[in-house]
Amino acid sequence: MFSDNLIEGVKQKSPIVAGIDPNPDLFPEFLIPQSPDGPSIRKMLSRFSEMVIDQCADYVPAIKPQSAYYEKFGTQGMLALAEIGRA
C-alpha cells in the first residue's frame, strides 16, 4: 500500500519530498534541443525529470512532479509527465 511504503521510506531516508519543477530557462545546454519541436520538448522534459529522480531516489521517500510546469508545454509536456509517472 502506498501509505505504508511512504511511512517506511520516511523512516529509512528522510521526511522530505523532492519536487520536480522543470524550467528550461535554467537547464544546462546539453538538455536544450537544437530545434524545439514537440517530441524534442517531451524528450527534454523527460530526461530532466529522470535525472532528478535518479539523483534523489536514495535520499527521499517520494518525488512529486509539479504538473503545472509540464502543462505549460501542452500535450508534449503531459506526455513527458506520463512517462515519468510510469518510471
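Buried here means under 20% relative accessible area, exposed means over 50%, and partly exposed is in between (1.4 Å probe, protein chains only). All the views below come from a predicted model, where local features need pLDDT of at least 70, side-chain atom pairs count only at pLDDT 80 or more, and totals for chains, interfaces and linings use all residues. Residues are numbered from 1 along each chain as its sequence is written, and side-chain values use heavy atoms, with hydrogens and water left out.

**View 1. Confidence along the chain.**
The chain has a mean pLDDT (the predictor's confidence in each residue, from 0 to 100) of 91, and 99% of its residues reach 70 or more. Among the elements, helix α3 (residues 67-71) has the highest mean at 95, and helix α1 (residues 2-12) has the lowest at 91. Helices (H or I, at least four residues) and strands (E, at least two) are DSSP runs, numbered from the N terminus.

**View 2. Ser49 in helix α2.**
Ser49 sits in helix α2, which covers residues 38-56. With a relative accessibility of 0%, Ser49 counts as buried. Setting aside residues up to four places away in sequence, Ser49 touches Ile20, Tyr70 and Ile84, where contact means heavy atoms within 4.5 Å.

**View 3. The largest nonpolar core, with Phe48 in it.**
A nonpolar core is a set of buried Ala, Val, Leu, Ile, Met, Phe, Trp, Tyr and Cys residues joined through side-chain atoms within 4.5 Å. The largest one here has 12 residues, including Ile20, Phe27, Leu31, Phe48, Tyr70 and Ile84. Two or more residues come from each of α2 and α4 (74-85), and α2 gives the most, with 5. Zoom in on Phe48: leaving aside neighbours within four places in sequence, Phe48 is in contact with Ile20, Pro22, Phe27 and Leu31.

**View 4. The β1/β2 pair and its crossover.**
Strands β1 (residues 17-20) and β2 (residues 62-65) run parallel and pair over 4 bridges; for two strands to pair, DSSP has to find at least two bridges between them. The chain gets from β1 to β2 through α2, and this β-α-β crossover is right-handed. Right-handed means that, with the strands pointing away from the viewer, the path from the first strand over the helix to the second runs clockwise. Val17 has Ala62 in β2 as its bridge partner, and Gly19 stands opposite Lys64 in β2. Side chains alternate along β1: Ala18 and Ile20 point to one face and are buried, while Val17 and Gly19 point to the other and are not.

**View 5. A salt bridge from α2 to α4.**
The structure holds 1 salt bridge, meaning a side-chain nitrogen of Lys or Arg within 4 Å of a carboxyl oxygen of Asp or Glu. The partners are Arg42 and Glu83, with their closest N and O atoms 2.9 Å apart. Arg42 lies in helix α2 and Glu83 in helix α4, so the pair ties together parts 41 residues apart in sequence. Arg42 is partly exposed at 24% relative accessibility, and Glu83 is partly exposed too, at 27%.

**View 6. Val60 in the loop before β2.**
Val60 is in the loop between α2 and β2, and at 10% relative accessibility it counts as buried. Not counting residues up to four places away in sequence, Val60 touches Lys13, Ser14, Ile16 and Ala18. The C-alpha atoms of Val60 and Gly9 are separated by 7.4 Å, with their positions 51 residues apart along the chain.
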